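Thank you all for making the time. I would like to walk through one model with you, slowly, and say what its coordinates do and do not tell us.

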Amino acid sequence: MADNTDDMSLFHLSEQYPDEASAILYFEEKRWGDKPTCPSCSSEDVFKGQPNRRLPLWRCKGCIYQFTVTSGTIMEGTKLPLRKWLFAFFIIGGSKKGVSAHYLSRTIQVTQKTAWHLAHRIRATMADDTQKFTGGIVESDETYIGGKRKGHGRGYRGNKMAVQVIVERSTKVDGVVVPGQVQAIALGSLGPDEKVDGRTVGAKLRTHTDPDNTILMTDESQIYTRLGKNFKEHHTVNHSKEEYVRQDPDGHLVHTNTAEGYNANLKRQINGSHHSVSKRHLPKYLEEHDYKYNTRDQTDGARTVAAIKNMEGKRLTLYKPEGGKGKSLIDHKASEPGGKRGGKRTDEE
């Protein structure tokens, strides 16, 4: 089947993949190309057995391992039709500001709980915390995610989660603009007397930049006073004096507008689409937002296809497995010791 999903609308997707069989073939092609491969021993010497099953079963001639296209991927063990997975991938991948679990459940006709688990598994294909900016100009800024509290001003942070954003400015190479990349890191929830300091921010900057070869741009926060001395250059703008951009004599345009623009878009996604996110799951939403920012020069289809091709080895169960190993979204079922019962449901529950 001809594939042009790198630039395809949902309407055309429904035309090209009208049934479950075509969706299964799509995922097989994206995972293996024209050579199905054994997930256990990587052998291509496999054959198809029991083709009439819901998911065609493959068998390896070498190690006798039986597998399907979902084995060893985020879709392993799913009872959902793969056509719904396909549409969910494209809905999430094509939404610049994210979609809520409630919207996804209505669109592909599954329960809200199923849609929430499905969305987080798809976000797992977008995760990348290995960004390392080895030179150029990098901006760093902090923002706070969380709700309001009655009787407190907007500056109150006792019920918020701190997020540090490290963003690389775009550069030109041989006349071609190379889009800058971003890494957003959840620093954790803050108590009424807690604050982000140079130690926590500095640790993340050292992990994701090469200070000796990096020019750092920040605001006037004291967090960066000592930290900035470790960088090749450190320039600041003084927001308290309404200074937001400045041209220095050495030619550098000093501002943190790129990082602040990223923060503004992140808050629009959290507040507008999800309304409420927890400390535990915030990093997953940051990874999705990072992925879309870092692939902003690609079409929605190309961005989604790249995520689909990254579906191996990303198993994320809803509840903690009996053996206690592996990643899960919830530690206990409601019926088990320590499980949660009742309470208001949000996009995060």
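Let me begin with a term I will lean on throughout: a residue counts as buried when its relative accessible area is under 20%, as exposed when that area is over 50%, and as partly exposed in between. Please also keep in mind that what you see is a predicted model.

With that term in hand, let us turn to helix α8, which covers residues 257-274 and so has 18 residues. From its first C-alpha to its last, α8 reaches 25 Å, which is close to the 26 Å expected at 1.5 Å a residue. Which residues of α8 are buried? They are Ala 259, Tyr 262, Asn 263, Leu 266, Gln 269, Ile 270, Ser 273 and His 274. Looking down the axis of α8, one finds these buried residues within an arc of 140 degrees, so they line one face of the helix. The general background is that an α-helix has 3.6 residues a turn, so residues three or four places apart point the same way. Just after α8 comes His 275, and its phi is positive, near 70 degrees.

Now to the charged side chains, where the structure holds eleven salt bridges; I will take a few of them. In general, side chains of opposite charge can pair when their charged atoms come close.

Consider Glu 288 and Arg 123, which form a salt bridge whose closest N and O atoms are 2.7 Å apart. Because Glu 288 lies in helix α9 (residues 282-294) and Arg 123 in helix α5 (residues 112-124), the pair ties together parts that are 165 residues apart in sequence. Are these two residues buried or exposed? Glu 288 has a relative accessibility of 0% and therefore counts as buried, and Arg 123, with a relative accessible area of 3%, is buried as well.

Set beside that the salt bridge between the side chains of Glu 76 and Arg 315, at 3.8 Å from N to O. This pair, too, links distant parts of the chain, with Glu 76 in the loop between β3 (66-67) and α3 (82-93) and Arg 315 in the loop between α10 (300-308) and β13 (317-319), 239 residues apart. Here Glu 76, at 30% relative accessibility, counts as partly exposed, and so does Arg 315 at 40%.

A further salt bridge joins Arg 246 to Asp 248, again with the closest N and O atoms 2.7 Å apart. Arg 246 is partly exposed, its relative accessible area being 24%, whereas Asp 248 counts as buried at 12%. There is also a network of salt bridges, in which Lys 96, Asp 300 and Arg 303 are linked.

On the nonpolar side, Tyr 244, Val 245 and Leu 253 make a surface patch of about 270 Å². Of these, Leu 253 lies in strand β12 (residues 253-254) and is partly exposed, with a relative accessible area of 37%.

Finally, the sheet: three strands form an open sheet in the order β1-β2-β3, with antiparallel pairing. Its edge strands are β1 (46-49) and β3, each of which pairs on one side only. Between β1 and strand β2 (residues 57-60), which run antiparallel, there are four bridges, and Val 46 stands opposite Cys 60 in β2.

How values were computed:
Residues are numbered from 1 along each chain as its sequence is written. This is a predicted model: local features need pLDDT of at least 70, side-chain atom pairs count only at pLDDT 80 or more; totals for chains, interfaces and linings use all residues. Side-chain values use heavy atoms; hydrogens and water are left out. A salt bridge is a side-chain nitrogen of Lys or Arg within 4 Å of a carboxyl oxygen of Asp or Glu. Helices (H or I, at least four residues) and strands (E, at least two) are DSSP runs, numbered from the N terminus. Buried means under 20% relative accessible area, exposed over 50%, partly exposed in between (1.4 Å probe, protein chains only). Patches are made of residues with over 30% relative accessible area and no salt bridge: like charges are joined within 9 Å, nonpolar side chains (Val, Leu, Ile, Met, Phe, Trp, Tyr) within 5 Å. Accessible areas come from the Shrake-Rupley method with a 1.4 Å probe; for residues, only the protein chains shown count as cover. The expected span of a helix is 1.5 Å times one less than its number of residues. The arc is that of the directions from the helix axis to the C-beta atoms. Two strands pair if DSSP finds at least two bridges between them.
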